[in-house]
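Please open the model in a viewer and keep the sequence at hand. The tour below proceeds by selection, one stop at a time.

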Amino acid sequence: PPLSPGGLILFREAAKVLVAFCTPQLQALEQRKVSERGSFEKREQLKEKLGNLNNNITQSLREVLGSSEGGGEVDNDPMSMQALKLAVLAMGEESFAQESSSKEQTKDKLNGTVVDLGPGAVGPGITVDQDSAQQKSSRVCVVNLSRMLSGRYALLGTFALFGDTSLLDARRVVLELALSGSPRHVMSFPKMARALIQLLSLLAEQSILSLIDLSSSLFARILACLGEALASSQGTLSAPAGRTIEAIAVFRCKAAAAVHGATDASGDTADPLQRIRAVLNPEHRSRGDTTSLEEYKKAVQLFAAHEQAHPNLFGSLLALIMHTMFSTPTLDSPNQWSIAKPVMPLIFCAPAEFERQRAEFLNAQSSAREPRIREIYDQLFSKLAPAHNNPGMFNVILRNNDTFSKQLCSFCRDLRRE
């Protein structure tokens with residue numbers, strides 16, 4: 001039966017099985033990652049030594065052959081000294097070009113090892129991409145955890161009530177195994193992408209704080225995978241990814257507003273009306289919100305730690321969404337609504353990135369249409385201005401997110417019709 005003691009025991013044992021299955025694979029991946037990191041560092045040191053040696057040889061050849069061309073025309077004889085000198089110098093420049101290009105390729109991929117340095121990455125480091133067989137086993141774990149969470153086997157709050165970490169451990173190891181590769185590589189497998197996005201959507205719906213209470217590297221990978229799914233042309237990926245991004249951004253705004261309101265209400269110079277509202281409308285009676293103030297404070301600390309470890313997390317998502325919306329060639333994209341919904345909370349999370357995107361978008365317009373586009377653009381986004389530097393206004397303005405999303409979609413359609 002659903003939500004029975006038997007279902008609780010079954011859920012707990014299934015979580016232990018997931019932990020026992022995923023832990024050895026994570027350990028093997030970590031050992032491979034350490035090995036690849038050592039090999040990568042040795043290659044970089046060897047390249048640096050060869051580069052210094054190449055510089056010394058080229059400089060010696062320059063000194064022996066002379067540095068001046070003599071001002072005359074180049075001799076057509078391939079055996080002349082001048083032709084030999086030019087050939088040697090050309091060989092040196094070609095070797096330098098090949099070395100620099102090989103370094104750039106190494107940054108992207110080196111013997112199955114990806115060095116995360118580009119957009120959507122989680123910072124410099126060695127990331128070992130899984131092959132198709134490993135991805136399949138990871139996908140099976142993700143699907144099993146999704147079915148466990150959506151099967152109504154037990155009240156999930158029971159584990160935290162009795163201090164049982166089975167659910168937390170299963171959630172952590174499954175996400176770590178699924179996201180052990182680079183986000184772009186993980187999302188390149190269609191079945192894995194659908195299963196992962198479904199799991200993240202369930203976690204955001206059932207326990208948003210558990211999705212935040214992860215390591216900064218893992219949280220950054222989650223946002224990168226959500227960004228990849230949101231930019232996809234498949235509605236089965238973009239729609240749940242948009243809801244998940246919106247839920248995370250809205251939760252961050254609510255946490256900032258709750259902590260800001262609690263700070264103002266506890267101060268000696270606080271508004272007396274705010275103190276009255278805090279008594280008459282406490283946190284657990286605020287529009288069905290069951291998140292306590294302590295959980296909001298914990299969320300604020302977690303978000304601060306994530307953004308300190310990986311700056312511009314939310315700004316990169318906002319830039320991706322606005323670029324996708326303003327540059328999509330089709331007039332009526334099926335996933336336009338899903339892409340537009342997270343825009344308002346993301347603007348509150350990354351106001352500096354919004355100003356940069358605004359300047360970049362308006363500068364890209366022609367001189368003839370720029371004044372009119374600027375007026376309409378500012379008129380649309382001016383409704384969010386009161387909350388840019390005032391977290392206390394987040395909840396008030398977020399209630400109009402649906403209306404704002406409709407207006408944003410209409411603005412994009414009118415923009416592409418011209």
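What follows is a sequence of selections, each with a description of what is found there.

**The whole chain**

Begin with the entire protein chain, bearing in mind that this is a predicted model. The chain contains 19 helices and 2 strands. Of its 418 residues, 41% count as buried. Contacts between residues at least 6 apart in sequence can also be surveyed here: 75% of them join residues at least 24 apart.

Next, colour the chain by confidence. The average pLDDT is 77, and 72% of the residues score at least 70. Select residues 67–75, where pLDDT stays under 50; the model gives this stretch 13 contacts beyond four places in sequence. Then select residues 92–97, where the pLDDT is likewise below 50. Beyond near neighbours in sequence, residues 92–97 have 4 contacts in the model.

**Arginine 152**

Move to the loop between α3 (132–150) and α4 (157–161), where arginine 152 is placed. Most residues other than glycine have a negative phi. Arginine 152, however, has a positive phi, near 55°.

**Helix α6 and the loop after it**

Select helix α6 (183–186) and, within α6, arginine 184. Is arginine 184 buried or exposed? Its relative accessibility is 58%, so arginine 184 counts as exposed. Now add alanine 229 to the selection: 45 residues separate it from arginine 184 along the chain, while their C-alpha atoms are 9.8 Å apart.

Continue to phenylalanine 189, in the loop between α6 and α7. With a relative accessibility of 22%, phenylalanine 189 counts as partly exposed. Leaving out residues up to four places away in sequence, phenylalanine 189 touches Ser132 and Gln135. Serine 132 lies 57 residues from phenylalanine 189 along the chain, and a distance of 8.4 Å separates their C-alpha atoms.

**Helix α7**

Select residues 190–206, which form helix α7. At 1.5 Å a residue, the 17 residues of α7 should span 24 Å, and the end C-alpha atoms are indeed 24 Å apart. Show the side chains to locate the buried residues of α7, among them Met192, Leu196, Leu199, Leu200 and Leu203. Ala193, Ala195 and Ala204 are also buried, as is Ser201.

**Helix α9 and its partner α13**

Select residues 216–230, helix α9. This helix has 15 residues and reaches 21 Å from its first C-alpha to its last, close to the expected 21 Å. How many residues of α9 are buried? The number is 13 of the 15, so α9 is largely enclosed by the rest of the structure.

Add helix α13 (residues 313–327) to the view. Two packed helices are described by the angle between their axes and the distance between the axes. For α9 and α13, the angle is about 5° and the axes are 10 Å apart. That angle makes α9 roughly parallel to α13. On the α9 side, the contact is made by Phe219, Ala220, Leu223, Gly227 and Leu230; on the α13 side, the residues are Leu313, Leu317, Leu320 and Ile321. By class, this contact has 8 nonpolar residues, 1 polar residue and no charged residues.

**Asparagine 312**

Select asparagine 312, in the loop between α12 (293–309) and α13. Asparagine 312 is not a glycine, yet its phi is positive, at about 60°. Its relative accessible area is 43%, so asparagine 312 is partly exposed.

**Helix α14 and serine 338**

Proceed to helix α14 (residues 336–340) and select serine 338 within it. The relative accessibility of serine 338 is 15%, so this residue counts as buried. Which residues does serine 338 touch, not counting those up to four places away in sequence? They are Leu230, Ser238, Ala239 and Gly242. Leu230 has already appeared on this tour, as one of the α9 residues in contact with α13.

**Helix α19 and aspartate 402**

The final stop is helix α19 (residues 401–417), which contains aspartate 402. Aspartate 402 has a relative accessible area of 39% and is therefore partly exposed. Setting aside neighbours within four places in sequence, its contacts are with Trp337 and Lys341. Lysine 341 stands 61 residues from aspartate 402 along the chain, with 7.2 Å between their C-alpha atoms.

Notes:
Residues numbered from 1 in each chain as written. Predicted model: local features only at pLDDT ≥ 70, side-chain atom pairs only at ≥ 80, totals over all residues. Heavy atoms only, no water. Helix = DSSP H or I, 4+ residues; strand = E, 2+ residues; numbered from the N terminus. Expected span 1.5 Å × (residues − 1). Buried < 20%, exposed > 50% of the residue type's maximum accessible area, 1.4 Å probe, protein only. Axes fitted to C-alpha atoms, helices over the stretch in contact; angles between N-to-C directions. Parallel < 35°, antiparallel > 145°, perpendicular 65-115°, else oblique. Contact = heavy atoms within 4.5 Å. Nonpolar A, V, L, I, M, F, W, Y, C, P; charged D, E, K, R; others polar. pLDDT = per-residue confidence, 0-100.
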